[in-house]
Every structure is written in structure tokens, then in C-alpha cells.
Amino acid sequence: MYVRLEQVNHIKRQRRYYALCLTQNLFGEWCVIREWGRIGLPDGGFMVDYPGSRRLAEEAFEDFKLEKLAAGYSPIPVQLTLF
């Protein structure tokens, strides 16, 4: 699962993004990858959480998503292209 959230405030000149990804690593452990920063700039943050099971990872994913939606972020449709 992947979701990208963005928050744009023209008055404060803020353009931020927050991306969440629910996936498995090479060892089969479920993880939630969080990435955030300013839109269009290379700086930003990155964090990987290992909740322990798929169910706990899905709950953590939804919790992070709801937290950012409550903070004013909006979901952005992302088109994934395969080559």
C-alpha cells in the first residue's frame, strides 16, 4: 500500500508532503516506511517502523495516515508506472 499526502498553505508559503508505504523487507518482516519534507526540495526525513506483524503494520499505517489527515494534509492520487 502507498499513499502520498500533501499540505499547501499559500499564505505561509508552505508546501509539504508526507508519504507512507506498507511493505515487506527482504527478510519478510512487515514495515511502514514514512517519508516527509518540502515539495520540490531534496531535504526531508525518512523513517522505517517494524510493528511485528502485518495486522499491526496495517494499523500503524492507518494511524499515521489519520494523524496527518487531521493535521490538514490531503491525499494525492499517485500513478505508479511500471517499465
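Biologist: In helix α1, how many residues apart are Glu59 and Arg55?
Modeller: In this predicted model, the side chains of Glu59 and Arg55 meet in a salt bridge, 3-D contact being 2.9 Å from N to O. Both residues lie in helix α1, and their spacing is about one turn of the helix. In sequence they are 4 residues apart.

Biologist: Is Arg55 buried or exposed?
Modeller: Its partner Glu59 has 38% relative accessibility and counts as partly exposed. Arg55 has a relative accessible area of 51%. The cut-off for exposed is over 50%, so Arg55 is exposed.

Biologist: Which residue forms a salt bridge with Glu58?
Modeller: Glu58 lies in helix α1, and its partner is 4 residues away in that helix. The closest N and O atoms are 2.9 Å apart. The partner is Arg54.

Biologist: Which strand holds Asp49, the residue paired with Arg34?
Modeller: The side chains of Arg34 and Asp49 meet in a salt bridge at 3.0 Å, N to O. Arg34 lies in strand β3, so the pair ties together parts that are 15 residues apart in sequence. Asp49 is in strand β4.

Biologist: Over which ring does the charged end of Arg34 sit?
Modeller: Arg34 is buried, with a relative accessible area of 13%. Its charged end is 4.0 Å from the centre of a ring. That ring belongs to Phe64.

Biologist: Why is the pair of Tyr18 and Trp36 stacked?
Modeller: The ring centres are 6.3 Å apart, and pairing requires centres within 6.5 Å. Planes under 30 degrees apart count as stacked. The planes of Tyr18 and Trp36 are at 20°, so the pair is stacked.

Note on methods
Residues are numbered from 1 along each chain as its sequence is written. This is a predicted model: local features need pLDDT of at least 70, side-chain atom pairs count only at pLDDT 80 or more; totals for chains, interfaces and linings use all residues. Side-chain values use heavy atoms; hydrogens and water are left out. Rings of Phe, Tyr and Trp (its six-membered ring) pair if their centres lie within 6.5 Å; planes under 30 degrees apart count as stacked, over 60 as edge-to-face and the rest as tilted. A charge sits over a ring if NZ of Lys or CZ of Arg is within 6 Å of the ring centre and within 35 degrees of the ring normal. A salt bridge is a side-chain nitrogen of Lys or Arg within 4 Å of a carboxyl oxygen of Asp or Glu. Helices (H or I, at least four residues) and strands (E, at least two) are DSSP runs, numbered from the N terminus. Buried means under 20% relative accessible area, exposed over 50%, partly exposed in between (1.4 Å probe, protein chains only).
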